[in-house]
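Let's take a friendly walk through this model together. Keep the sequence and the 3D view open while you read.

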Amino acid sequence: MALDVEDVIARLDPVERRKVDEMAAELIAEEMTLCELRKVRALTQASVARELDISQDAISRLEKRSDLLLSTLRRTVEAMGGNLSLVARFPDRPPVELAGIAEDD
């Protein structure tokens with residue numbers, strides 16, 4: 001008989017259930033498109049566009065791009081109420097947050 005993940009989770013005690021929920025939230029938060037991030041923040045393309053003083057169509061195109069300037073990404077994240085940081089990860093040392101990248105002069 002196959003296990004149903006929902007049944008297994010439902011049988012967990014509250015502490016274990018909270019751990020599973022927190023881990024799931026962390027995994028989901030680790031990777032998100034700009035569009036998904038905007039939606040999670042309950043923002044429309046039009047509201048972000050107004051904040052950036054650009055058109056809604058420009059936000060639509062920006063969300064579909066796979067390559068954009070870090071300064072553009074920073075401004076977009078800030079328009080959503082966040083801050084952008086860039087972290088470099090290496091196999092032989094802890095992660096390093098890079099400073100001074102995509103900042104205003």
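Here is a short tour, from the overall layout to single residues.

This is a predicted model, in which local features need pLDDT of at least 70, side-chain atom pairs count only at pLDDT 80 or more, and totals for chains, interfaces and linings use all residues. Residues are numbered from 1 along each chain as its sequence is written, and side-chain values use heavy atoms, with hydrogens and water left out.

**Overall layout**

The protein chain has six helices and two strands, in the order α-α-α-α-α-α-β-β along the sequence. Helices (H or I, at least four residues) and strands (E, at least two) are DSSP runs, numbered from the N terminus. Of the 105 residues, 18% count as buried; buried means under 20% relative accessible area, exposed over 50%, and partly exposed in between, using a 1.4 Å probe and protein chains only. The accessible surface comes to about 8,500 Å², and 53% of that belongs to carbon and sulfur atoms. Such areas come from the Shrake-Rupley method with a 1.4 Å probe; for residues, only the protein chains shown count as cover.

**The core and helix α6**

In soluble globular proteins, nonpolar side chains tend to be buried together. The largest nonpolar core here has seven residues: Leu34, Val48, Ala49, Ile59, Leu62, Ala79 and Met80. Two elements, α4 (45-52) and α5 (56-64), each give two or more residues to this core. A nonpolar core is a set of buried Ala, Val, Leu, Ile, Met, Phe, Trp, Tyr and Cys residues joined through side-chain atoms within 4.5 Å.

Helix α6 spans residues 70-79 and includes Thr76. Its buried residues are Thr72, Arg74, Thr76, Val77 and Ala79, and what covers them includes α3 (34-40), α4 and α5. Thr76 touches Leu34, Leu52 and Leu62, not counting residues up to four places away in sequence; contact means heavy atoms within 4.5 Å. With neighbours within four places set aside, Leu62 is in contact with Leu34, Leu68, Thr72 and Thr76. Just after α6, Gly81 takes a positive phi of about 95°.

**Single residues to look at**

The table sets out relative accessibility for some residues.

| Residue | Place | Relative accessibility | Class |
|---|---|---|---|
| Thr76 | helix α6 | 3% | buried |
| Ser60 | helix α5 | 14% | buried |
| Ile101 | segment after β2 | 35% | partly exposed |
| Ala42 | loop between α3 and α4 | 68% | exposed |
| Asp53 | loop between α4 and α5 | 71% | exposed |

Ala42 has a positive phi near 60° although it is a residue other than glycine. Asp53 is not a glycine either, and its phi is positive at about 60°. The C-alpha atoms of Ser60 and Ala46 are separated by 9.4 Å, with the two residues 14 apart along the chain.

**The strands and a surface patch**

How do β1 and β2 run? Strand β1 (residues 86-90) and strand β2 (residues 93-98) run antiparallel, joined by four bridges. Two strands pair if DSSP finds at least two bridges between them. A hairpin links β1 to β2 through two residues, and Phe90 stands opposite Arg93 in β2.

Finally, Leu70, Leu84, Leu86, Leu98 and Ile101 make a nonpolar surface patch of about 350 Å². Patches are made of residues with over 30% relative accessible area and no salt bridge, where like charges are joined within 9 Å and nonpolar side chains (Val, Leu, Ile, Met, Phe, Trp, Tyr) within 5 Å. A salt bridge is a side-chain nitrogen of Lys or Arg within 4 Å of a carboxyl oxygen of Asp or Glu.
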